[in-house]
Amino acid sequence: ICLSLPEAERGTQFGAPVWKAGTKTFVSTHYYTGRLKLSFWVGRERQEKLTKEGRYHVSAYTGHNGWIDLDVEERQNWDEIKRLVLGSYRKFALKRMLAALDED
C-alpha cells in the first residue's frame with residue numbers, strides 16, 4: 001500500500017520498518033508491547049475519536065504530535081489501513097507528490 005504512493009520509500013527507524021514521503025515518515029511499525037502495531041499520523045482531534053475503539057492507542061513517543069497506533073496483531077481491515085496510510089501520506093508528502101497522487 002505504502003510503496004504504491006508517489007515517491008514513497010521504505011526505510012528503518014530504531015530497527016523497525018517505516019515508510020517515508022521524501023524525508024518524512026508517514027507510517028511506522030513497532031512491537032514494543034509484544035503486539036504488532038502500525039503507526040499513522042491522524043491529528044489530535046481524530047486521535048480522541050479513534051481511541052474509543054480498543055484497537056487504537058495514542059502512540060507512546062509521537063502521540064503528542066497526532067500519531068496513533070493500530071493493533072494489527074489479530075486482524076486487519078485493509079480498507080481501513082489504506083485510508084489511514086493515505087491520510088498520513090497526505091500530511092507529509094511534498095506538493096509534487098500530492099499532484100502526482102491526484103493525477104492517478
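**Figure 1. The open sheet of the predicted model.** Six strands, in the order 1-2-3-4-6-5, build an open sheet with antiparallel pairing. Strands (E, at least two residues) and helices (H or I, at least four residues) are DSSP runs, numbered from the N terminus, and two strands pair if DSSP finds at least two bridges between them. Strand 1 (8-13) and strand 5 (56-58) are the edge strands, each pairing on one side only. From one strand to the next, the twist averages 30 degrees. This is a predicted model, in which local features need pLDDT of at least 70 and side-chain atom pairs count only at pLDDT 80 or more, whereas totals for chains, interfaces and linings use all residues. Residues are numbered from 1 along each chain as its sequence is written, and side-chain values use heavy atoms, with hydrogens and water left out.

**Figure 2. Strand 3 beside strand 4.** Strand 3 and strand 4 (residues 37-41) pair in the antiparallel sense over 4 bridges. Threonine 29 stands opposite leucine 38 of strand 4.

**Figure 3. Helix 2 across the strands.** Helix 2 lies across strand 2, strand 3, strand 4, strand 5 and strand 6; contact means heavy atoms within 4.5 Å. The helix runs at about 40 degrees to strand 4. Axes are lines fitted to C-alpha atoms, for helices over the stretch in contact, and angles run from 0 to 180 degrees between N-to-C directions.

**Figure 4. The largest pocket.** The volume of this pocket is about 350 Å³. On a 1 Å grid over the protein atoms alone, a pocket is an open set of points where a 1.4 Å probe fits, with protein on both sides within 12 Å along at least five of seven lines; lining residues have an atom within 4 Å of a point. Grid points are joined across faces, edges and corners, and a volume is the space filled by probe spheres set on the points. Of the 17 lining residues, Gln13, Phe14, Ser28, Tyr32 and Thr62 lie nearest the centre. Strand 2 (16-21), strand 3 (24-30) and strand 6 (67-71) each give two or more residues to this lining, and strand 3 gives the most, with 4 residues. The lining comprises 8 nonpolar, 8 polar and 1 charged residues.

**Figure 5. The second largest pocket.** About 210 Å³ of space lies in this pocket. It is lined by 13 residues, and Cys2, Trp19, Leu38, Trp78 and Ile81 lie nearest its centre. Helix 2 (78-92) and strand 3 each supply at least two lining residues, the largest share, 3 residues, coming from helix 2. The lining divides into 11 nonpolar, 2 polar and no charged residues; Ala, Val, Leu, Ile, Met, Phe, Trp, Tyr, Cys and Pro count as nonpolar, Asp, Glu, Lys and Arg as charged, and the others, Gly among them, as polar.
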